[in-house]
Amino acid sequence: METQELHRGRLIDHIQLVVRDLPASKRFYEAIFRVLDVPIGGIGDDFFWADELFVSSADSRAAQGKLTGRHHLAFQAKDHAMVDAFYKAGLAAGGEDNGAPGERPYHPGYYAAFLLDPDGNNIEAVHHGPHTRSAPSVKITF
């Protein structure tokens, strides 16, 4: 078994998306994660995962034969340039525009872009403006 790392201190433990076309989803997520500096953690015939996101085909043992439906996922970006790069990479990898990069009214400094992935999930990259973290994350290795 490969070594796995979990980074705690966030709300979500993991999310699973069950998709119609795994190769199309893999192309899309590899492209956006490359610019967001999120490594792909593992790949199998019927799945791939990165950090807390697990993506599988409907025939995967983990999926139980059912697609998950539409979701909204927002990924953290370190700056505006990373949000812009996410948007460009996602469009080039088959994503559909759902909101070009720009300031949003949610709070001052909220800069985001939105794409629809190959299954219609609303995928966002967001930079919340100047901020300070107490630590990047809490790392657990097993």
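User: Which strand runs parallel to β2, joined to it by 5 bridges?

Analyst: This is a predicted model. In it, β2 belongs to an open sheet of 4 strands with mixed pairing. Within that sheet, β2 is joined by 5 bridges to a strand that spans residues 53–57 and runs parallel to it. That partner is β5.

User: Which residue in β5 is the bridge partner of V19?

Analyst: β2 covers 15–19, and 5 bridges link β2 with β5. One bridge partner can be named for V19 in β5. The residue is S57.

User: What is the strand order of the sheet that holds β2, and which strands are its edges?

Analyst: The sheet is open and mixed in its pairing. Neighbouring strands are turned by 15 degrees against each other on average, direction ignored. The order is β2-β5-β4-β3. Strands that pair on one side only are the edges, here β2 (15–19) and β3 (42–44).

User: What is the order of the sheet that holds β6?

Analyst: β6 sits in an open sheet of 4 strands, again with mixed pairing. The order is β6-β9-β8-β7.

User: Why is one side of β6 and of β7 left without a neighbour in this sheet?

Analyst: β6 covers 72–76 and β7 covers 96–103. Both strands stand at the edges of the sheet. One side of each is left without a neighbour because each has a single partner strand.

User: By how many degrees are neighbouring strands of the β6-β9-β8-β7 sheet turned on average?

Analyst: The value is an average over neighbouring strands of this sheet. Direction is ignored. The turn is 15 degrees.

User: Which residue in β9 does L73 stand opposite?

Analyst: β6 pairs with β9 (residues 122–127) in the parallel sense, over 5 bridges. L73 faces a residue in β9. That residue is I123.

User: Which helix lies across β7, β8 and β9, and at what angle to β8 does it run?

Analyst: The helix spans residues 80–92, while β8 spans 111–116. Its name is α2, and the angle to β8 is about 10 degrees.

User: Which element gives the largest share of the largest nonpolar core?

Analyst: The core has 24 residues, and Y29 and F86 have the most contacts inside it. Several elements supply at least two residues each, among them β2, β5, α2 and β9. The largest share is 6 residues, from α1.

User: Which residues does Y29 touch, leaving out those up to four places away in sequence?

Analyst: Y29 is one of the residues with the most contacts inside the core. It also belongs to one aromatic cluster with F28, F33, F48 and F75. Beyond its sequence neighbours, Y29 touches L17, F48, L53, D117 and I123.

User: Are the rings of F47 and F54 stacked or edge-to-face?

Analyst: The structure holds 6 aromatic pairs. In this one, the ring centres are 5.4 Å apart and the planes meet at 15 degrees. Stacking needs planes under 30 degrees apart. The pair is therefore stacked.

User: Are F47 and F54 buried or partly exposed?

Analyst: F47 has a relative accessible area of 23%. F54 has a relative accessibility of 23%. Buried means under 20%. F47 is partly exposed, and F54 is partly exposed.

User: Which of Y106 and Y110 is buried?

Analyst: The two form an edge-to-face pair, 4.7 Å centre to centre with 80 degrees between the planes. Y106 has 53% relative accessibility, so it counts as exposed. A relative accessible area of 10% makes the buried residue Y110.

User: Which backbone atoms lie 3.2 Å and 3.3 Å from a polar side-chain atom of H127?

Analyst: H127 lies in β9 and is buried, at 9% relative accessible area. Its contacts beyond four places in sequence include A77, K78, D79 and Y110. At 3.2 Å lies the backbone oxygen of K78. At 3.3 Å lies the backbone nitrogen of G129.

User: What distance separates the C-alpha atoms of N98 and D117?

Analyst: N98 is in β7 and partly exposed, at 36% relative accessibility. Its contacts beyond four places in sequence are F114, L115, L116 and N122. D117 is 19 residues from N98 along the chain. Their C-alpha separation is 9.8 Å.

Notes:
Residues numbered from 1 in each chain as written. Predicted model: local features only at pLDDT ≥ 70, side-chain atom pairs only at ≥ 80, totals over all residues. Heavy atoms only, no water. Pairing = 2+ DSSP bridges. Axes fitted to C-alpha atoms, helices over the stretch in contact; angles between N-to-C directions. Contact = heavy atoms within 4.5 Å. Phe/Tyr/Trp six-rings, centres within 6.5 Å; stacked < 30°, edge-to-face > 60°. Buried < 20%, exposed > 50% of the residue type's maximum accessible area, 1.4 Å probe, protein only. Core = buried A, V, L, I, M, F, W, Y, C linked by side-chain atoms within 4.5 Å. Polar contact = N/O pair within 3.5 Å; in protein donor to acceptor, adjacent residues only side chain to side chain.
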